[in-house]
Amino acid sequence: MGASATGRHVIMSVHPQFAEAIMDGRKKIEFRKRRLADDVTVVWVYATAPVSKVLGYFEVGTIHTAKPTDLWRQFADVGCINRADFDRYYANSQIGAGIGIRRAVRLRSPAHITDLLPSGVPPQSYAYVGARTLP
């Protein structure tokens, strides 16, 4: 099963509990310190250690850029993160981004990162990749 949107793709490193929440459809917004480019339409979800696999992808919805307090006020109920961890993540940040998750698709079998990034090195935040089709 492959991603169907036509813009640029990124692979994003996500802690396993948040990656699962995205794939399960519980998490509707991904909080980040930096906004994605407007032409990014697909985010491949790489679950960090101990999983260390690409679990699937999501289609990018609306991207919201705002002060962290405003992001929390608007999206706390769909972000699958508690306030203390949210505040710790955004400590010393004046602005943040909330990436809307339009539709998440779980791969039938988790993929190796080298299927998307030949270097095999997980991005600290995200990295651009070519449009792909994975099983």
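In helix 2, which spans residues 68–75 of this predicted model, the residues Pro-68, Leu-71, Trp-72 and Phe-75 are buried. They lie on the same side of helix 2, because they cover an arc of only 100 degrees around the axis. An α-helix has 3.6 residues a turn, so residues three or four places apart point the same way. The cover over the buried residues of helix 2 includes strand 2, strand 4 (53–66), helix 3 and strand 5 (96–111).

Strand 2, one of the elements in that cover, is itself covered on both faces, with Ile-29 and Phe-31 buried on one side and Glu-30 and Arg-32 buried on the other. In a regular strand the side chains alternate between the two faces of the sheet. Strand 2 pairs with strand 5 in the antiparallel sense over four bridges, and Glu-30 has Ile-99 in strand 5 as its bridge partner.

Strand 5 also holds Ile-101, which counts as buried because its relative accessibility is 11%, under the 20% cut-off. Which residues does Ile-101 contact, leaving aside its neighbours within four places in sequence? They are Ile-22, Lys-27, Lys-28, Ile-29, Glu-30, Phe-58 and Glu-59. Tyr-57 stands 44 residues from Ile-101 along the chain, and the C-alpha atoms of these two residues are separated by 9.7 Å.

The largest pocket has a volume of about 480 Å³ and is lined by 20 residues, of which His-15, Glu-30, Phe-31, Arg-32 and Tyr-89 lie nearest its centre. At least two residues of this lining come from each of strand 1 (8–14), helix 1 (16–23), strand 2 (29–32) and helix 3 (83–89). Sorted by class, the lining of the largest pocket has seven nonpolar, seven polar and six charged residues.

The loops hold some backbone angles worth looking up in the structure. Most residues other than glycine have a negative phi, and most peptide bonds are trans. Two residues with a positive phi are set out below.

| Residue | Phi | Loop | Relative accessibility |
|---|---|---|---|
| Cys-80 | about 55 degrees | between helix 2 and helix 3 | 32%, partly exposed |
| Asn-92 | near 70 degrees | between helix 3 and strand 5 | 81%, exposed |

Neither Cys-80 nor Asn-92 is a glycine. A further loop, between strand 3 (40–47) and strand 4, contains Pro-50, and the peptide bond that joins Ala-49 and Pro-50 is cis, with an omega of about 15 degrees.

Note on methods: Residues are numbered from 1 along each chain as its sequence is written. This is a predicted model: local features need pLDDT of at least 70, side-chain atom pairs count only at pLDDT 80 or more; totals for chains, interfaces and linings use all residues. Side-chain values use heavy atoms; hydrogens and water are left out. On a 1 Å grid over the protein atoms alone, a cavity is a set of points where a 1.4 Å probe fits but cannot get out, and a pocket is an open set with protein on both sides within 12 Å along at least five of seven lines; lining residues have an atom within 4 Å of a point. Grid points are joined across faces, edges and corners, and a volume is the space filled by probe spheres set on the points. Ala, Val, Leu, Ile, Met, Phe, Trp, Tyr, Cys and Pro count as nonpolar, Asp, Glu, Lys and Arg as charged, and the others, Gly among them, as polar. Buried means under 20% relative accessible area, exposed over 50%, partly exposed in between (1.4 Å probe, protein chains only). The arc is that of the directions from the helix axis to the C-beta atoms. Contact means heavy atoms within 4.5 Å. Two strands pair if DSSP finds at least two bridges between them.
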